[in-house]
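Dear colleague,

Please find below the structure that I am handing over to you. My findings follow directly after it.

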Amino acid sequence: MNITGVILAGGKSSRYGKPKMFERFRGRPLYKVAVDAFEKNALPVVIATNETLLSHFSDENVTFITEQTPHEGPLYALTHVMEQVESDWYFVVAADMPFIDAAFIATLCRQITANCDAVIPTSNDNWQPLAALYHRRALEQAKQALFDNQRSMRALLHQVRVSFVEMNDTTTFLNINAVEDWPQGDKGDNK
Ligand SMILES: Nc1nc2c(ncn2[C@@H]2O[C@H](COP(=O)(O)OP(=O)(O)OP(=O)(O)O)[C@@H](O)[C@H]2O)c(=O)[nH]1
């Protein structure tokens, strides 16, 4: 069984006002948090982005998948990666999550079982589909959801067998949508 780390880094960042994945956090661009977490688990890394953002990344040993039509959303981005990159499982992480770490990646990978198509962490009953595992078996349902113009990850999760894993941890899943979302004192190296 192989697992590919997929970083979703092709969003509009409209609430943030500039491409948030390149904001510096603890000495590195924010998206590199996910790169490091995957690499520490020896997982190959794919970054899903678009042509406009592509030149701003600087990574070796990472495969870049660019979307010809940008801003189609995370479900489209995952589907596009599944079509381009052969793997059994795809570990999706958004590029705007400062506290994803290698231990979380390892913990969720250990929850994979043969009879599920997605492993979704929950925190206080909130689904976390952008820090989650998807099997290639979900590709057909993902394509169907997009065809039906249902573009959210949740639409896919209603169509496949999901294993939910309660993590009792909100910090790991914190994501940055707007500048004021940075926890106070946690981002001293950019402003
Ligand atoms: N590759 C790819 N990633 C996306 C796309 N849309 C969103 N993402 C990523 O998915 C994660 C969550 O995105 P959101 O914060 O919901 O959306 P956003 O477009 O980045 O930001 P807003 O414009 O403020 O909604 C971020 O890491 C985005 O970069 C897309 O169309 N393609």
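S13 is buried, because 20 C-beta neighbours lie inside 10 Å of its own and the threshold for a buried residue is 20 or more. S13 sits in the loop between strand 1 and strand 2 (24–25). Its phi is near 55 degrees, a positive value in a residue other than glycine. Please bear in mind that this is a predicted model.

A second residue deserves mention on the same grounds. The phi of N61 is near 60 degrees, again a positive value in a residue other than glycine. Most residues other than glycine have a negative phi. N61 belongs to the loop between helix 2 (51–54) and strand 5 (62–67). Is N61 buried or exposed? N61 is exposed, because its count is 8 other C-beta atoms within 10 Å, and a residue with 12 or fewer is classed as exposed.

I turn next to the ligand. The shell around the ligand consists of 24 residues, and the closest are G10, G11, S14, R15 and A77. By character, the shell divides into 11 nonpolar, eight polar and five charged residues. Which elements supply at least two residues each to this shell? They are strand 4 (45–50) and helix 3 (74–84). The largest share, three residues, comes from helix 3.

Helix 3 itself is largely enclosed by the rest of the structure, because nine of its 11 residues are buried. The buried residues of helix 3 are P74, L75, Y76, A77, L78, T79, H80, V81 and M82. A77 is thus buried and is also one of the residues closest to the ligand.

L78, another buried residue of helix 3, leads to the nonpolar core. The largest nonpolar core has 52 residues, and those that touch the most other members are V6, I7, A34, L78 and F91. Leaving aside residues up to four places away in sequence, L78 touches V6, Y90, V92, Y134 and A142. In soluble globular proteins, nonpolar side chains tend to be buried together.

In strand 4, V46 may be of interest to you. V46 counts as buried because it has 23 C-beta neighbours inside 10 Å. Beyond residues up to four places away in sequence, V46 touches T4, G5, V6, T63, I65, V81 and V85. V81, one of these partners, is a buried residue of helix 3, and V6, another of them, is also touched by L78. The C-alpha atoms of V46 and D148 are separated by 27 Å, and the two residues are 102 apart along the chain.

The remaining points draw on the database record. An unreviewed UniProt entry carries the annotation "binding site", which covers L8, A9, G10, K20 and D96. These residues span 89 residues in sequence, yet no two of their C-alpha atoms are more than 11.9 Å apart, so they gather at one spot. G10, which this annotation includes, is also among the residues closest to the ligand.

Two of the annotated residues can be described in more detail. L8 is found in strand 1 (residues 3–8). L8 is buried, because 24 other C-beta atoms lie within 10 Å. Apart from residues up to four places away in sequence, L8 touches A48, P74, A77, V92, A94, A95 and L130. P74 and A77 in that list are buried residues of helix 3, and V92 is also a contact of L78.

D96 lies in the loop between strand 6 (89–94) and helix 4 (102–109). D96 is buried as well, because it has 24 C-beta neighbours inside 10 Å. With residues up to four places away in sequence set aside, D96 touches K20, M21, L30, N175 and I176. K20, one of these contacts, is itself covered by the "binding site" annotation.

Finally, UniProt places the feature "domain: MobA-like NTP transferase" at residues 5–159, again in an unreviewed entry. The end C-alpha atoms of that span lie 22 Å apart. The span is 30% helix and 25% strand.

With kind regards

How values were computed. Residues are numbered from 1 along each chain as its sequence is written. This is a predicted model: local features need pLDDT of at least 70, side-chain atom pairs count only at pLDDT 80 or more; totals for chains, interfaces and linings use all residues. A nonpolar core is a set of buried Ala, Val, Leu, Ile, Met, Phe, Trp, Tyr and Cys residues joined through C-beta atoms within 7 Å. Two residues are in contact if their C-beta atoms, placed from the backbone, lie within 7 Å. A residue is near a molecule or strand if its C-beta atom, placed from the backbone, lies within 6 Å of it. Helices (H or I, at least four residues) and strands (E, at least two) are DSSP runs, numbered from the N terminus. Ala, Val, Leu, Ile, Met, Phe, Trp, Tyr, Cys and Pro count as nonpolar, Asp, Glu, Lys and Arg as charged, and the others, Gly among them, as polar. UniProt positions are given in the numbering used here, feature names are shortened, and annotations may be inferred rather than shown by experiment.
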